[in-house]
Amino acid sequence: MNIFDVMGPIMVGPSSSHTAGAVRMGFVGRKLLGFQPARADIGLHGSFAATGAGHGTDRAIVAGLLAMKPDDPDIPHSFQLAKEARMQVNIHTVDLRDAHPNTAVLTLIGERGRTVVVNASSLGGGRIRVNSIDGMAAAFSGDLPTLVVRNQDKPGIVSEVSSCLARRGINIANMQLYRDRREGLSVMVLECDQTLSPETINDIQLLGGVVRCIYLNLEEG
């Protein structure tokens, strides 16, 4: 346990879960897309939907999409800043089955049509959990450098990805495997102890059977 577990994050209030966590969710969504979205559809569930406006959850998520951190004094002005940045924002409520009450679904679209759909929850104290990406299950916080690999469900791919990381001196801290159906699409979520170089990510992207490789490191610009 560290001091932030006791005191909470350095942030613009009023709530660590509804504000600081929401900023982080937006920031993670931006990182998973790879750049600032041109359009953002934000669905708020549960407590986010009921009290989010009063706690600034909507503005906080938009602030994260604009690459702000939880302590940025411009968070309250994120709607205006998004307008100036020509980012279209649509915010509405959603009803999700068996979801954490502080959950949002972010559908983010880039100027050239690239899209990512992120389902994430704010757990309190500024901590978040990504529940799914593009409808495929996941469960990670973004606290560690994280590699999300979408691949064909066939033998050998997990070994090839882990071997590629080992050759680069990358240690896997946590690994999760998900698939939609046998011999369909699978997702690997690998949380690593070291940062990954662009060359490493490219090597994995070029492996046979890999459909898409997303790298998330919140410490990098």
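R212 lies in strand β10, where helices (H or I, at least four residues) and strands (E, at least two) are DSSP runs, numbered from the N terminus. This is a predicted model, in which local features need pLDDT of at least 70, side-chain atom pairs count only at pLDDT 80 or more, and totals for chains, interfaces and linings use all residues. Residues are numbered from 1 along each chain as its sequence is written, and side-chain values use heavy atoms, with hydrogens and water left out. The points below cover the whole chain, the surroundings of R212, a cavity, helix α2 and two loop residues.

**The chain as a whole**

- The protein chain contains seven helices and ten strands.
- The radius of gyration of the protein chain is 17 Å, which agrees with the value near 17 Å for a compact globule of 221 residues; this radius is taken over C-alpha atoms, and the globule rule is 2.2 Å times the number of residues to the power 0.38.
- Measured out along the principal axes of the chain, the C-alpha trace spans about 50 × 40 × 35 Å.
- Of the 221 residues in the protein chain, 47% are buried; buried means under 20% relative accessible area, exposed over 50%, and partly exposed in between (1.4 Å probe, protein chains only).
- Among contacts in the protein chain with a separation of 6 or more, 66% are between residues 24 or more positions apart; a contact means heavy atoms within 4.5 Å.
- About 11,000 Å² of the protein chain is exposed, and carbon and sulfur atoms supply 49% of that area; accessible areas come from the Shrake-Rupley method with a 1.4 Å probe, and for residues only the protein chains shown count as cover.

**R212 and its partners**

- R212 counts as buried because its relative accessibility is 17%.
- Leaving aside residues up to four places away in sequence, R212 touches L32, R114, T115, D134, V148, V149, R150 and Q205.
- One of these partners, T115, belongs to strand β4 (residues 115-124).
- T115 has 32% relative accessibility, so it counts as partly exposed.
- With residues up to four places away in sequence not counted, T115 is in contact with L33, T107, L108, I109, D134 and R212.
- T115 and D134 are 19 residues apart along the chain, and their C-alpha atoms are separated by 8.6 Å.
- D134 is located in the loop between β5 (127-133) and β6.
- At 27% relative accessibility, D134 is partly exposed.
- The contacts of D134, not counting residues up to four places away in sequence, are T115, V116, V117, R150 and R212.
- From D134 to T146 the distance is 16 Å, C-alpha to C-alpha, with the two twelve residues apart in sequence.

**The cavity**

- Rolling a probe the size of a water molecule over the atoms shows where empty space is left.
- Searching the whole structure gives one cavity of 30 Å³ or more; on a 1 Å grid over the protein atoms alone, a cavity is a set of points where a 1.4 Å probe fits but cannot get out, and lining residues have an atom within 4 Å of a point.
- The volume of the largest cavity is about 90 Å³; grid points are joined across faces, edges and corners, and a volume is the space filled by probe spheres set on the points.
- The largest cavity is lined by I133, D134, M136, A137, A138, V148, V149, R150, V187, R212, C213 and I214.
- Two or more residues of this lining come from each of β6 (136-140), β7 (146-152) and β10 (210-216).
- The lining has nine nonpolar, no polar and three charged residues; Ala, Val, Leu, Ile, Met, Phe, Trp, Tyr, Cys and Pro count as nonpolar, Asp, Glu, Lys and Arg as charged, and the others, Gly among them, as polar.

**V23 in helix α2**

- V23 is placed in helix α2 (residues 16-33).
- V23 counts as buried because its relative accessibility is 1%.
- Apart from residues up to four places away in sequence, V23 touches A60, I61, G64, M68, K69, P70 and I75.
- V23 and F48 are 13 Å apart in space, C-alpha to C-alpha, and 25 residues apart in sequence.

**Two residues with positive phi**

- A67 is not a glycine, yet its phi is positive, near 75°.
- A67 sits in the loop between α4 (57-65) and α5 (78-84), and with a relative accessible area of 33% A67 is partly exposed.
- R86, also a residue that is not a glycine, has a positive phi of about 60°.
- R86 is in the loop between α5 and β2 (88-93), and R86 is exposed, with a relative accessible area of 75%.

Technical notes
1 Å grid on protein atoms, 1.4 Å probe; cavity = no way out; pocket = protein on both sides within 12 Å on 5 of 7 lines; lining within 4 Å.
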